[in-house]
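Me: I would like to go through this structure term by term, asking each time what justifies the word that is used. Please set each value against its cut-off before you conclude.

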Amino acid sequence: MKLKKTISFTDKNQIWRLLISESDKILIETRDLESKEVFYHYLDLNNGKIIFKNFQMEEKFWIGVEKIYDEKIIFHQYTKPNMPEHKKIIVYDIQQKEVLWQNDDFIFLTILDNKIYAFKKKFEGKEIFVLDFNSGEIIEKIENEDEKLKLVLGNINSEDFANYIYPETFYNNDKHISEIVENEIHDKSGVSNIDLIKFNDLLMFNYYIKKENNFLDNMFAVYNIDKKKKLITEVLNKNINSYSPDSFFIYKNNLIVLKNKVELISYKIV
């Protein structure tokens, strides 16, 4: 298999979060911590096409994303600066380039079958409501004993990660893989924390080199296993003082790599 670079993105701000939609587009959230501004960028993983870039809502920093659903972004704000608790529901239509609706009274729980499940805080407990996804209108209120409540609560934080592959710690139990890893690191000292993904005939792995000043360089390499041929070598993070996990992963047939916390590179595996 080969790698074809489709995306090389940076706006020089720190990449804060990545979300991939059902249509294989990636939402990149970047934050300028000095000016306290957040920017959103939406790109097609298949061809690198930019759907939008440097998008901002009216609230410039204390805002985040709950979910992307049917090419619409569900935003939330925060109750207080520096506090993680969410407030408000804001639904933005990517294709129409406009906010469809906003509700300042509800807090997002989950979405099922084009219905948003949200709640209002009470002095004791909470009230749960069902909202129409496209209009924000209240459809019904869910009582505490309703069986539907169990379904809603069961769907929270139950994302399907079947299309994702994340690195695993390297164990010296495969001769071919071990030879490739050894070939990559044999002339380097202080190597540690090797994590890898084997995807068909490709081996992708990162590792850390301890330097004389006790800082670390985070290295990344991709090899064709059968040919033992190096396809990519990158320094992902230079002169860091701790290990930096989650620097690469696979989504479907896309290799996604984060570099220096400010650059995203995506390769199509063909």
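Reply: A charge is said to sit over a ring if NZ of Lys or CZ of Arg is within 6 Å of the ring centre and within 35 degrees of the ring normal. Lysine 120 lies over the face of phenylalanine 129 at 5.8 Å from the ring centre, and the charged end of lysine 126 sits over the ring of phenylalanine 119, 4.2 Å from its centre. The model is a predicted one, in which local features need pLDDT of at least 70 and side-chain atom pairs count only at pLDDT 80 or more, while totals for chains, interfaces and linings use all residues. Residues are numbered from 1 along each chain as its sequence is written, and side-chain values use heavy atoms, with hydrogens and water left out.

Me: Why is aspartate 24 called buried?

Reply: Buried means under 20% relative accessible area, with exposed over 50% and partly exposed in between (1.4 Å probe, protein chains only). Aspartate 24 has a relative accessible area of 11%, and therefore counts as buried. This residue is found in the loop between strand S2 (14-20) and strand S3 (25-32), where strands (E, at least two residues) and helices (H or I, at least four) are DSSP runs numbered from the N terminus. Of the 270 residues of the chain, 47% count as buried.

Me: What makes the approach of aspartate 24 and tyrosine 251 a polar contact?

Reply: A polar contact is a pair of N or O atoms within 3.5 Å; within protein, one must be able to donate a hydrogen and the other to accept it, and residues adjacent in sequence count only if both atoms are side-chain atoms. The side chains of aspartate 24 and tyrosine 251 are joined at 2.6 Å, so the pair falls within that limit. Contact in the general sense means heavy atoms within 4.5 Å, and aspartate 24 touches Asp44, Leu45, Asn46, Tyr251 and Lys252, not counting residues up to four places away in sequence.

Me: How do you know that S20 and S21 pair?

Reply: Two strands pair if DSSP finds at least two bridges between them. S20 and strand S21 (residues 254-259) have four bridges in the antiparallel sense, so the criterion is met. Isoleucine 250 stands opposite leucine 255 in S21, and the two strands form a hairpin with two residues between them, lysine 252 in the turn having a positive phi of about 55°. S20 also pairs with strand S14 (residues 164-165), antiparallel, over two bridges, with isoleucine 250 as the bridge partner of isoleucine 165.

Me: Why is the pair of phenylalanine 55 and phenylalanine 75 called tilted?

Reply: Rings of Phe, Tyr and Trp (its six-membered ring) pair if their centres lie within 6.5 Å, and planes under 30 degrees apart count as stacked, over 60 as edge-to-face and the rest as tilted. A search of the whole structure finds 17 aromatic pairs. Phenylalanine 55 and phenylalanine 75 form one that is 6.5 Å centre to centre with 40° between the planes, so the pair is tilted. Phenylalanine 55 lies in strand S5 (residues 50-55) and phenylalanine 75 in strand S7, so the pair ties together parts that are 20 residues apart in sequence. Both rings' residues are buried, phenylalanine 55 at 17% relative accessibility and phenylalanine 75 at 0%.
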